[in-house]
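Let's take a look at how two protein chains sit together. The sequence and the model come next.

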Protein chains: 2
Amino acid sequence: MGTTEDLAGWLTASRPDDIPADVTHEARRALVNIVGCALGGARHPVVDITIDALGAMFGPPDAAVLGRPERTDPLHAALLNGITSHVEDFDDTLPRNYIHASSPVASALLAYASANRVSGPDLVHAFVLGFEATSRLGNATYPSHYTAGWHSTGSVGVFGAAIAIGTLLGLTQEQMIWAIGLAGTQAAGVREQFGSMGKALHPGRAAQNGYAAALLAQKGFTSGAHGIEGPRGWAPVTSPEHDLSMVTDGLGESWELHVNTYKPFPCGIVNHPAIDACIQLHDEHGVAPGDVAALRLHVAPLVIDLCGKTDIHTGLEGKFSVVHGASVGLVRGRAGLREYTDEAVGDPDVKAVRERATREADDPTVTEDGVHVELELSDGRVLEKRLTASLGNLQRPLTDDQLSAKFRDQATLAVTAEQAELALELSWRVDELADVAQLVDATVPDG
Amino acid sequence: MGTTEDLAGWLTASRPDDIPADVTHEARRALVNIVGCALGGARHPVVDITIDALGAMFGPPDAAVLGRPERTDPLHAALLNGITSHVEDFDDTLPRNYIHASSPVASALLAYASANRVSGPDLVHAFVLGFEATSRLGNATYPSHYTAGWHSTGSVGVFGAAIAIGTLLGLTQEQMIWAIGLAGTQAAGVREQFGSMGKALHPGRAAQNGYAAALLAQKGFTSGAHGIEGPRGWAPVTSPEHDLSMVTDGLGESWELHVNTYKPFPCGIVNHPAIDACIQLHDEHGVAPGDVAALRLHVAPLVIDLCGKTDIHTGLEGKFSVVHGASVGLVRGRAGLREYTDEAVGDPDVKAVRERATREADDPTVTEDGVHVELELSDGRVLEKRLTASLGNLQRPLTDDQLSAKFRDQATLAVTAEQAELALELSWRVDELADVAQLVDATVPDG
């Protein structure tokens, strides 16, 4: 026996009814979030580039792509879904291992479900298993794997895609062992790609290659039996230190979806407390941009290191500027994808506030999860906001309504408001659908 | 500047005329060998399994697959060529880094050339560059990369495929930097797969993913600029110790194709001296199986460790049995793929000799490159053969005629003798072809 065999045994014995109701609800939340992210990223230039480069290789148009008019073979649909759902860095995060597990797993599943009839309960079951295995493999190899330079969303997520698709295919235990092995021997993606399009390729390839691993295993493509734990298997090769008991201990007792988090803003997480505080000031006081005399952000030192930029001109630069995030939050009362465009960065109201904004790491009581904001108005009044837990953290999770708002904000970049509402509604009740293709179809732009 | 930029600069400045005539001849030899290997592996069950599993995903049938009747999109053709050319472990080997570089590089190129018009000189140029870069990256990271558990034929070969296709596409230096980065972030394949079909997946995916990296880069899919050497780039992440000066020093002055080797027999290389010696005894003495009283193999200790099996029943077991290789060599005067089938292992003549064969590590003067064979006949005579350099080594390379014989032996497993002759002839003059598709087409079985 070994980790691979034990894990495969548990996975192939699992049935949809084994998923507790609270886990199913967290799966719904994760799916609402990731479908929204795929729609938010669907018009990113990287998608056109990928289709331009690889379109001549596309197979029969059996699958729809989330948020896109093109149809393609399911493996390429998985690739495209993985790219779109991660490219804006707006997808879910497991704070324990930094993996964005939904992107590789759901991207493969929704491509499969577009081309094959899959019921809601079966899809949720497969998603939960793929997510669970990804996060556990991530925990077992963290921080060694990530510190070595792997982008674990791809290099661990590939297992989740293989397991999710393997679950829908009804693989035997032996086939699941092969699928896991074939996933592990395709695991890839390095952090050198952070800041380039290459980063989004990682969950895309993880979805596509994990999916293929399951298809190959089903037909008898063999793998070494110890794909995870073998002396030359994935864990020893990629993670000098690891504790594989974390992959299998307590399977079915605790669920990793419970420790998943959803980003409220599409920028570096260290900016979130300042943005959150400024949105609260907007909502509570409705300050006009012209009335702002000074916006003083007292932040943790890491915020200055990672997102200290003040002289910015593009939407991309805005993602690395805490003063931009705070300013746009104060002016617009929101900080979605539309607030990180070149247009938003150049918006005269936002610019006026940003030019009066400062960020200093001058208050040792402010942690990375918090912020202290002083908003000085032209009449001399000073409004203050102090936060100690950031919105979107496990301590302050996004509510279902906040996830819906995030979905609408992103989805309407790709489809009409009416379509967005339908897709949102179907995402929330994905586990009741007779055929999940209905949800995928709802995300396809009209015309 | 850095390794990636320097390498990309040299690659994109290179022209077909820059390849010296002796390097072109070695490229011909490598191509004759790898096309033969692809034909020898074309009927392996793994190919049917792969087509069965992934056929529904295949794109337009723009490319032929070496030795197969199916046509598919070029990326899947690259995958299939990579699998067939490596699955019998009969392809070329770089003794300095254990990489089988031709499989990933030529598999991608011949898939491309089947779907796009490519001249012989352009193909040879692209092959030489892809091969050169693969071997140099292998040298720069050996032994660290291999010892860590990577199957470098896949995890290094992916660069060669990207560079070869990128050369045909005429990428700019910036695009080549991206292609290299996108190759490195897809690099995969672990040694846990040795002994399973997963091993052959590695050069297949390397060919396919490297090819895709070049296509993506051409259309503007960006990558980090330091894909090889960046702190979280391929070399630091996969190879704790490396010397990247070996990638770029002396480019264009020395050529890695000159240190490439070709296996004469499709089994573990440690068996080769014994097989070679027994074939020589066969050729010199023509001993009848019934006249063999004893066949005593005095071998290096490693031969016993790796290939000491004596009680064997299948062709696969035969690959790990030095007494089988020696016996079949003595009886048939050859040891090709046909000598490693279940039928050959069960052949009464071969079996009779094998049962009288022994292998002992009892002579300290015998090195891993050598053997001392004593053949005792029923009339009491003892014939001896002592070898100190193994056929196929750099010291005793296969001649062009021996490569042709190896080609015919493999090719006739997939096509008629007449077709095999045509494909062989076209392979030898690949650099003169106006359109390399002619060579690929010649390998497709009739009907």
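By what turn and what shift along the axis can chain B be laid on chain A?

## Symmetry

A turn of 180° and a shift of 0.0 Å along the axis lay chain B on chain A with an RMSD of 0.1 Å (a least-squares superposition on the C-alpha atoms of residues with pLDDT of at least 70 in both copies). The two copies are thus related as by a two-fold rotation axis. Within chain B, Gly59(B) comes closest to that axis, its C-alpha lying at 1.8 Å.

This is a predicted model, in which local features need pLDDT of at least 70 and side-chain atom pairs count only at pLDDT 80 or more, while totals for chains, interfaces and linings use all residues. Residues are numbered from 1 along each chain as its sequence is written, chains are lettered from A in the order in which they are written, and side-chain values use heavy atoms, with hydrogens and water left out.

## The shared surface

In chain B, 56 residues are in contact (heavy atoms within 4.5 Å) with 56 residues of chain A. The copies meet through the same surface, because 100% of the interface residues of chain B are also interface residues in chain A.

About 4,500 Å² is buried between the two chains, and carbon and sulfur atoms give 63% of this area (accessible area, 1.4 Å probe, that two parts lose on being put together, summed over both). Met57(B), Glu192(B) and Arg232(B) supply 17% of what chain B buries against chain A, more than any other three residues.

## Charges

The count of salt bridges between chain B and chain A is zero (a side-chain nitrogen of Lys or Arg within 4 Å of a carboxyl oxygen of Asp or Glu).
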